[in-house]
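This report concerns the fold and the local packing of one protein chain. Please consult the sequence and the structure shown here while reading.

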Amino acid sequence: MRSFLTAILVAFTALTAAAQDKSAARNVSFAGDIRPVFEKSCWNCHAGSNQLGGLNLATREDALKGGAHGTVLMPGDAAKSRLYKLVAGEEKLRMPLGGQLTATEIESIRLWIDQGAAWDSGPVSQSKATSQGPVTEPPLSPHARDYWAFQLPVRPPVPQSSEKNPIDAFIRSRLDAMGIKPAPQADKVTLLRRAYLDLIGMPPTPAEASEFLNDSSPDAWEKLIDRLLASPHYGERWGRYWLDVARYADSNGFEHDFDRPNAWRYRDYVIRSFNEDKPWSDFLREQIAGDELPHVTYDSIIATGFLRSYAKVGFREKDNPEFRYEYLDDMIATIGRGVLGLTVQCARCHDHKFDPIRQEDYYRLQASLWGAVEVDTPLVPKQQAEAWTRENAAVDARVAALKGQLKALEKPYRDRILPAKYAKFPQNIQEAIATPEAKRTPGQALLAGQVIRTVSVSEAEIDRIISPADKQERKRILDLIAAEEKQRPAPIPQAMAMTDGDYRFTPDGPGDEPAPGKGKKQEQVEGSYLHTGDGPYVPPPSYFKIRGDVNSKGHLTQPGFIKVITYGNPATVLTPPTPDTSGRRLALAEWLVSRDNPLTARVIVNRIWHHHFGRGIVATLDNFGKNGEAPVNQQLLEWLAVEFMDRGWSVKQMHRLIMTSETYKMASEFPDAATLASNMAKDPENRFDWRRRVERLDAEAIRDSILAVSGSLNPEIGGRPVFPVLPPEVLKQVSTGIWSQKEEGPEVWRRSVYIYRKRTLPFPFLDAFDLPNQNLSCGARNITTVPTQALTLMNDSFVQRQSEIFGKRLVTEAPGDKGKQIRLAYRIALSREPSAREFELAQDFLATRTLADFTSVIFNLNEFLYTR
């Protein structure tokens, strides 16, 4: 045994020595092996202006000086270098804080120090990082594209089947393999309601129901689908789904929640685009780069509001440049999740933890969007817009002068009132405010700025202490301001849009302004950036941010795309038709809608499938990555994606294809209990679509159906948002932004897509039925069943009013006959006659209750609230 152990020890020693010899033979370079590690994990805290512990690792000379705790680097001897010991965990407070290097990275640092710690690429301090080009990226892993979603879709052969529709062939092939029997076809009334609620979000009228139910022609179903797709209400229904993805709202959000007076034009653009069946590829091009297209139109300008629909802090970005990065992150996240089905935003601070998306990919996309700035674009001829701008600017100048006088007059009184208000804040904030602005540290400037902007003095407070003479002068100035405001020209239509341009502030330091003549100069007017100057536009430089920290600048980045899903060598910059833009967003848009992009077509056909069936082929609509769910029928998804592109990216053709399938027409109920039990055992969640799911209508469809059935619906299409009545206790909460409440009536009884979307105050009725978070992109809404929903349908003043109106409609259309009124109520609300039992119950109910009570019960029926 002793000889055996000795032999093992000798062998182990020999192997270790051989490994060390082999490792020692590897030459380590600073540029290739060490710099990426330092950039990722060290320079964030130990370079440039950030030198925690007095340690600066920006250059070899600085590193050799050490820090407040002594020397950290001893070239030629890693074992005595604290830098190595700290990253290897041999000393406490292992570095980097909050994480650790990989074994390979630690070994590279050991070898680099032992080999003399050469800085062979020259100095790399933050102050010189602007001159550095992008780091050399390692190639993609050979297996990075092994995952199905990162491969280009290829049309699979349709399974051999007697089915006419290829969708049925794919579905039945999977069901047959699993031994699952599909449900029979639903009855004609069920299909009628399903089609109406799916495509336009409202039930059919009795006349529309009669037309279909009495049509015995073989193509009656197809004709019904075509009529619904031609309805202007189709765009209102299906546009709403995209508005969820686009995080559309009519207000900014956050604490001030300022109004966005022109946001509704983007909403109407989306509705129009769906009604026109605009090719999905064109729809995306316009939203990403509508101002860079060969033929720019008012619609394509309005479309860029997609990029601008992020929730926004009320103040201008120049007051806090860091907000700019948050808005860019929101754009990237929305494009990633909404268009590509990837959580690209997870790579802002580090490489993606699950998918082969690098941090470099994130900053390439950021560079593609970097030039985009907010602009309110006039939607009138140029000459008219210029005249309006001149007149408005003249009024602005006169009002500004008067406001300057008013500010000077009120300043002594504000200065007397504000100290008491500031005294309520913590001591450090008070000190920040008291410190002269020029002497404030960055932290103090942020603290003081936030408080000074938010703490105000009201006119009433000034009135209590102002002198009589100043009060009279103040009134005179205010009257002059009011008079000037009346001189403003009538407003012109404007689009809340995006275009390319430079910001006044320089978030990366004073060395980052574009060179003279190389970029657009910007003049800020009420939050917009007006273009002045000529010549081709070159965006300001954008930089890789170490660990996502906006103050930790890395190397210069260039526009580009996500490598793992980029095939070929697509252009990252295209020549726009005018010199006013950079062409970067146009290149991004073309990459997104290219047939060589493996995800865009897959993602949208999966969304369409989800909204028809209640579950996507990939259940995680916004995440096709490895952390999302796998497709339940990948062959079907591939076929649909290729078919969608081959049919010209037509959404309406995809509706027709899906809705004419036997799969779509399945019943939700299964007559054979034994077969049902067998199917449930094999697929309890109905993931493979062997029957129709029973689904509750979404919030807007419930309200719209109530209005349609009561006869109150105002069918007007498009226009400014409406403000239905809020309960008094809710209205009291509106302290910021607007809610221009109107009386209940036809003006506000429009489709719910037109209700003002206030980010800080979701409309209560819609909120009860799972309205999504209006600050984030949402692909699939949550579906809950909670008591407040039933209470809302029974007690909400809107529902009670509509119940009364529905009852009056029944009296008008079937006067004096309770039996006819009952049957009419069922035909209007449910598109069918009541059963004998239902009729008997209704008669008993109406013997002691009102028609309004009866119609309220109708609105609460599951059959009214659910599709089957």
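The text below moves from the whole chain to its core, one helix, one loop residue and the aromatic side chains.

**Overall features**

The model is predicted. Its chain comprises 868 residues, of which 52% are buried. The secondary structure consists of 35 helices and ten strands. Of the contacts between residues at least 6 apart in sequence, 71% join residues at least 24 apart.

**Nonpolar cores**

The largest nonpolar core holds 201 residues, and within this core Trp-112 and Trp-242 touch the most other members. Helix H15 (residues 322-340) supplies the largest share of this core, with nine residues. A second core, separate from the largest, has 13 residues, among them Ala-432, Ile-433, Ala-448 and Val-451. In soluble globular proteins, nonpolar side chains tend to be buried together.

When residues up to four places away in sequence are not counted, Trp-112 touches Val-28, Phe-30, Ile-34, Phe-38, Leu-73 and Leu-83, together with Ala-117, Ala-118 and Trp-119.

**Helix H6**

Helix H6 covers residues 166-178, 13 in number, and spans 19 Å from its first C-alpha to its last, close to the expected 18 Å. At the N-terminal end, Asn-165 acts as a cap, with a side-chain oxygen 2.9 Å from the backbone nitrogen of Ile-167. Just after H6, Gly-179 adopts a positive phi of about 75 degrees.

The buried residues of H6 are Pro-166, Ile-167, Asp-168, Ala-169, Phe-170, Ile-171, Arg-172 and Leu-175. These buried residues pack against three helices: H23 (600-613), H24 (634-646) and H25 (651-659).

**The loop residue Ser-251**

Ser-251 belongs to the loop between helix H10 (232-245) and helix H11 (264-275). Is Ser-251 buried or exposed? Its relative accessible area is 0%, and because buried means under 20%, Ser-251 counts as buried.

Apart from neighbours within four places in sequence, Ser-251 contacts Asp-257, Phe-258, Asp-259 and Arg-260, as well as Tyr-756, Arg-757, Lys-758 and Arg-759. With Asp-257 there is a side-chain to side-chain polar contact of 2.6 Å. Thr-760 lies 509 residues from Ser-251 in sequence, yet the two C-alpha atoms are 8.5 Å apart in space.

**Aromatic side chains**

The count of aromatic pairs comes to 41. Two edge-to-face pairs are set out in the table.

| Pair | Centre to centre | Angle between planes |
|---|---|---|
| Trp-238 and Tyr-241 | 4.9 Å | 80 degrees |
| Phe-644 and Trp-649 | 5.6 Å | 70 degrees |

Trp-238 and Tyr-241 both belong to helix H10 and stand three residues apart, about one turn of the helix. An α-helix has 3.6 residues a turn, so residues three or four places apart point the same way. Both Trp-238 and Tyr-241 are buried. In the other pair, Phe-644 and Trp-649 are likewise both buried.

One aromatic cluster is formed by Tyr-234, Trp-242, Tyr-248, Tyr-266, Tyr-269, Phe-274, Trp-280, Phe-283 and Phe-306. Trp-242 is also one of the two residues that touch the most other members of the largest nonpolar core.

Charged groups also lie over aromatic rings. The charged end of Arg-823 is positioned over the ring of Phe-839, at 4.1 Å from its centre. Arg-324 lies over the face of Trp-370, 5.3 Å from the ring centre.

Notes:
Residues numbered from 1 in each chain as written. Heavy atoms only, no water. Core = buried A, V, L, I, M, F, W, Y, C linked by side-chain atoms within 4.5 Å. Buried < 20%, exposed > 50% of the residue type's maximum accessible area, 1.4 Å probe, protein only. Helix = DSSP H or I, 4+ residues; strand = E, 2+ residues; numbered from the N terminus. Contact = heavy atoms within 4.5 Å. Expected span 1.5 Å × (residues − 1). Polar contact = N/O pair within 3.5 Å; in protein donor to acceptor, adjacent residues only side chain to side chain. Phe/Tyr/Trp six-rings, centres within 6.5 Å; stacked < 30°, edge-to-face > 60°. Lys NZ or Arg CZ within 6 Å of the ring centre and 35° of its normal.
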